[in-house]
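Got the viewer open and a hand on the mouse? Let's take a walk through this one, stop by stop, selecting pieces as we go.

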Amino acid sequence: MRNSEPERAMETSTLTNSDVRSGAALVASADVASRKDFLRSLSNEQVRGLPYLFEFWALEHQLPPEGDWRTWIILGGRGAGKTRAGAEWVRAMAEGSRPRDPGRARRIGLIGETMEQAREVMVFGESGILACSPPDRRPTWISGRQMLVWPNGAEARLFSAFDPERLRGPQFDAVWADELAKWPKAQDTWDMMQFGLRLGTSPRACVTTTPRNVGILKDLLERKSSVMTHAPTDANRAYLAESFLEEVQERYAGTRLGRQELDGVLLPDVDGALWSSERLESLRAQAPRVLDRIVVAIDPPAGAGASSDECGIIVAGITMAGPVQDWRVYVLEDASVQGATPNGWAAAAIAAMDRHNADRLVAEVNQGGAMVETIVRSIDPSVPYRGVHATRGKARRAEPVAALYEQGRVRHVGDLGSLEDQMCQMTAHGFEGQGSPDRVDALVWALTDLFLEPAKAWRAPRVRHL
């Protein structure tokens with residue numbers, strides 16, 4: 001059978017891995033004429049195969065380090081090329097020299113936050129495994145079994161961090177774990193995966209994630225068997241829209257969120273913070289199907305427009321069966337908006353009410369007074385509304401709510417990263433971050449309305465009338 005062009009290109013090329021790395025650096029730094037001479041020196045088959053030689057095009061942080069390691073952690077900002085690096089690593093483990101030659105791994109695990117994300121990002125995404133694979137080595141997707149099968153027989157099965165028990169039984173010689181820092185059951189999922197990572201002579205895992213201050217990631221980085229590469233979003237700017245880079249740099253540069261999401265830096269918690277990342281991570285849960293009450297709380301900004309503070313909008317619900325000590329609050333969504341007009345943030349709050357079928361809208365009125373209610377009712381005249389007035393500072397108001405977290409009475413549902421960033425910068429002496437902690441303030445109003453005030457009334461002694 002006649003070989004395909006990508007296969008012939010890889011077979012006829014005499015470039016080794018070290019040649020490719022050094023050659024890529026030389027070509028990239030050469031002048032235009034030298035680059036053209038280099039391309040002319042290649043055969044037609046080599047030119048056709050060049051796009052699939054990832055080591056030639058890869059950035060330094062996308063290439064696995066040398067040495068005897070068990071876990072390779074790629075930390076990077078949004079768009080830094082982490083997914084492409086993970087997909088190409090899987091290719092390098094699964095593929096042999098020719099399409100049907102065995103590779104270094106035959107049983108591979110692909111673990112995402114959810115099955116949908118594993119499928120749509122890791123397999124079918126623009127930088128996923130199928131998009132990166134040359135035609136003669138491209139694996140076949142078997143939807144019924146949620147797996148990929150390569151022409152050489154290598155297999156990759158998909159798993160979700162929501163269901164660590166599915167990892168009991170399967171065995172692997174390689175695992176790609178995507179966005180580990182967002183996994184809802186990170187430690188349980190990682191532990192189950194480790195018990196199955198036992199095939200071959202050197203089973204390995206590749207972790208691609210934007211850093212967040214969570215225990216599982218910090219523990220992995222401290223292990224002697226782990227290696228790490230890192231890059232900010234800007235390192236991959238050649239493949240990103242310039243308008244995107246300008247927008248996110250203007251909006252987030254210099255902020256804690258920007259350092260994490262753009263610079264790819266693992267940020268420590270602020271000393272003396274009322275909340276810690278590790279504590280918040282331990283309080284993740286799924287919301288019960290039925291909640292007794294749901295409220296949307298808003299902390300309106302002082303101004304309007306792009307330069308104004310955020311409008312904090314937090315959705316939370318509560319189960320109130322039994323005595324107060326059995327009540328549980330679930331923070332359901334952070335719907336905060338930046339740079340919105342008064343009508344814009346009011347509409348966003350009411351939309352959040354509609355999504356969650358909320359019972360009440362709670363709004364701090366220190367900045368706008370009666371005007372806040374007027375704006376809200378201009379969007380929906382019938383909205384159940386309550387205005388609240390702050391008489392103490394933000395930190396003092398936040399302390400009783402932080403105590404509820406310490407008592408284990410609050411759970412976080414889904415991704416509340418921006419809210420949690422603010423929480424981990426709120427101390428008893430004030431907010432250590434930039435701007436105003438509007439998301440935290442909205443959280444405080446929501447939990448005050450749902451738990452603190454009803455609990456106070458529940459505990460109040462009843463007056464007996466003679």
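Below is a route through two sheets, the helices that lie on them, and a few single residues.

**Getting your bearings**

Keep in mind that this is a predicted model. Show the whole thing as a cartoon to start with: the protein has 18 helices and 16 strands. Of its 466 residues, 48% are buried. If you take the contacts between residues at least 6 apart in sequence, 71% of them join residues at least 24 apart.

**Stop 1: the sheet of eight**

Select strands β1 to β8. These 8 strands make an open sheet, and reading across it you meet them in the order β3-β4-β5-β2-β6-β7-β1-β8. The pairing is mixed. Where does the sheet end on either side? Its edge strands are β3 (140-142) and β8 (226-231), each with a pairing on one side only. Going from one strand to the next, the twist averages 20°.

Now zoom in on two neighbours, β6 (residues 174-178) and β7 (residues 204-209). They pair in the parallel sense, over 5 bridges. To find the register, show V175 and look across to β7, where A205 stands opposite. While β7 is selected, pick out C206 too: its relative accessibility is 0%, so C206 counts as buried.

**Stop 2: helices on the first sheet**

Add helix α6 (residues 82-94). This helix lies across β1 (71-76), β2 (107-112), β6 and β7. Against β6, α6 runs at about 170°.

Next, add helix α10 (residues 215-222), which also packs on the sheet. Which strands does α10 touch? They are β1, β7 and β8. The direction of α10 makes about 120° with that of β1.

**Stop 3: the sheet of six**

Hide those pieces and select β9 to β14. Here 6 strands form another open sheet, in the order β13-β12-β9-β10-β11-β14, again with mixed pairing. The edges are β13 (385-388) and β14 (410-412), and each of them pairs on one side only. Neighbouring strands in this sheet are turned by 25° against each other on average, direction ignored.

Put β10 (residues 312-319) in the middle of your view. Is β10 mostly enclosed or open? All told, 8 of its 8 residues are buried, so the strand is largely enclosed by the rest of the structure. Colour the two faces separately and you'll see that both are covered: one side holds G312, I314, A316 and I318, the other I313, V315, G317 and T319, all of them buried. Just before the strand, C311 is worth a click as well: at 1% relative accessibility, C311 counts as buried.

Then look at the partners of β10:

- Strand β9 (residues 293-299) runs antiparallel to β10, and 7 bridges join the two. Try R293, which stands opposite I318, and V296, which stands opposite V315.
- Strand β11 (residues 328-334) also pairs with β10 in the antiparallel sense, over 6 bridges. Here T319 stands opposite R328 of β11.

**Stop 4: helices on the second sheet**

Bring in helix α16 (residues 394-406). It lies across β9, β11, β12 and β14, and runs at about 90° to β14.

Helix α15 is next: α15 lies across β12 (360-364) and β13, running at about 160° to β13.

Keep α15 (residues 370-379) on screen and add helix α14 (residues 342-356). The two pack at an angle of about 65°, with axes 9 Å apart. The crossing of α14 past α15 is right-handed. Show side chains for P342, N343, W345, A346, A347 and I350 of α14, then V372, I375, V376, S378 and I379 of α15, and you have the contact itself. What kinds of residue make it up? There are 9 nonpolar and 2 polar residues, with no charged ones.

**Stop 5: one serine, and a cysteine check**

Select S277, in helix α13 (residues 277-282). Is S277 buried or exposed? With the cut-off for buried at under 20%, S277 counts as buried because its relative accessibility is 12%. Leaving aside residues up to four places away in sequence, S277 touches N213, D269 and C424.

Finally, how many disulfides does the structure hold? The number is 0.

Conventions
Residues are numbered from 1 along each chain as its sequence is written. This is a predicted model: local features need pLDDT of at least 70, side-chain atom pairs count only at pLDDT 80 or more; totals for chains, interfaces and linings use all residues. Side-chain values use heavy atoms; hydrogens and water are left out. Axes are lines fitted to C-alpha atoms, for helices over the stretch in contact, and angles run from 0 to 180 degrees between N-to-C directions. Helices (H or I, at least four residues) and strands (E, at least two) are DSSP runs, numbered from the N terminus. A crossing is left-handed if the near helix is turned anticlockwise from the far one by less than a right angle, and right-handed if clockwise. Contact means heavy atoms within 4.5 Å. Ala, Val, Leu, Ile, Met, Phe, Trp, Tyr, Cys and Pro count as nonpolar, Asp, Glu, Lys and Arg as charged, and the others, Gly among them, as polar. A disulfide is a pair of cysteine sulfur atoms within 2.5 Å. Buried means under 20% relative accessible area, exposed over 50%, partly exposed in between (1.4 Å probe, protein chains only). Two strands pair if DSSP finds at least two bridges between them.
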